[in-house]
Amino acid sequence: MDIQYPADFQKVVAFHGHVCPGVAIGYRLAKAALAALGYDNPEEGDLVTIAESDRCTVDPFQIVLGCTLGKGKLYINNTGKQAFTVGCRKSGRAVRVIQLPYNYTPENDALTRKVLAGMVSDAEYRRYRAEREARIREILTVPDAELLKVEYVEAQLPDKEMIYNSPCCEFCGEQVMEPWTRLREGKIACIRCAIAVVR
Ligand SMILES: [Zn+2]
Ligand SMILES: [Zn+2]
């Protein structure tokens, strides 16, 4: 990997598994959200992210802001936009960061489609890699104002993770957290077993 990438971006790339314009954009958006909320260290703010995309851009929020799915700090409300609301449970403040409109040139778009279809020559593939690398550098270096906008919003933050009782499903014997239990013939059932009779 290119050693000139900032250390925290390298962590993002290691987690995501490849470097791409999407993780670069997500990284810039996550950093902008953190700055707008007035934190250097995301742990201070007990942050929650509501992501409007489930693509490459979401992973930096897990690494840079610590808003992981497993900690109950990441919610996907997919609208197909590169937009993310980051809320602070401590202050109650929230910001929504959005990537400004950007379009690749029609030539670049056509080349990407050819690459995805696996129909490029070596020379074309090298050109694709070079253009992509240039775009990633551009994303990582342009001023915020050219890449994204930040708006302060009123956000209803999801409740903190709760601890639930986990009774056993009376049909398959597997444990299931209470909010996901159903009744089947008056007995506690997991969703899989309850659905088995509905079908
Ligand atoms: Zn990616
Ligand atoms: Zn069951």
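Two residues count as in contact here if their C-beta atoms, placed from the backbone, lie within 7 Å. Keep that cut-off in mind for the helix stops below. One more thing before you start clicking: this is a predicted model.

**Stop 1: the whole chain.** Colour residues 7-153 as domain 1 and 162-199 as domain 2. If you drop a C-alpha centre into each domain, the two centres sit 38 Å apart. The rest of the tour picks out helices and strands within 7-153, the range of domain 1.

**Stop 2: helix α1.** Select residues 7-16, which make up α1. Now show side chains for F9, V12, V13 and H16, the buried residues of this helix. Look down the axis: these residues span an arc of only 95 degrees around it, so they end up on the same side of α1. Then turn to the other side of the helix, where A7 and A14 are exposed.

What lies over the buried residues of α1? Add α2 (21-36), α3 (59-64) and α5 (122-141), which are among the elements covering them. Before moving on, click G17, the residue that follows α1; its phi is positive, near 100 degrees.

**Stop 3: α2 against α5.** Keep α2 and α5 on screen and hide the rest. How do their axes cross, and within what distance do they come? The two axes come within 9 Å and cross at roughly 0 degrees. That angle makes α2 roughly parallel to α5, because anything under 35 degrees counts as such.

For the contacts themselves, select P21, A24, I25 and R28 on the α2 side. Their counterparts in α5 are R132, R135, I136, I139 and L140.

**Stop 4: strand β4 and its neighbours.** Select residues 94-99 to get β4. Is this strand mostly covered or mostly open? It is mostly covered, with five of the six residues of β4 buried.

Next, add β3, residues 83-88, which pairs with β4 in the antiparallel sense over five bridges. The two strands form a hairpin with five residues between them. In the turn, find G92, whose phi is positive at about 80 degrees.

Now bring in β5, residues 148-153, which runs antiparallel to β4 and is joined to it by six bridges.

**Last stop: V97.** Centre the view on V97 in β4, the bridge partner of F84. Then look towards β5, where V97 stands opposite V150. Showing F84, V97 and V150 together takes you from β4 to its pairings with β3 and β5.

Notes:
Residues are numbered from 1 along each chain as its sequence is written. Chains are lettered from A and ligands numbered from 1 in the order in which they are written. This is a predicted model: local features need pLDDT of at least 70, side-chain atom pairs count only at pLDDT 80 or more; totals for chains, interfaces and linings use all residues. A residue is buried if 20 or more other C-beta atoms lie within 10 Å of its own, exposed if 12 or fewer, and partly exposed in between; C-beta atoms are placed from the backbone. Helices (H or I, at least four residues) and strands (E, at least two) are DSSP runs, numbered from the N terminus. The arc is that of the directions from the helix axis to the C-beta atoms. Two strands pair if DSSP finds at least two bridges between them. Domain bounds come from an automatic or database domain assignment. Axes are lines fitted to C-alpha atoms, for helices over the stretch in contact, and angles run from 0 to 180 degrees between N-to-C directions. Angles under 35 degrees count as roughly parallel, over 145 as roughly antiparallel, 65 to 115 as roughly perpendicular and the rest as oblique.
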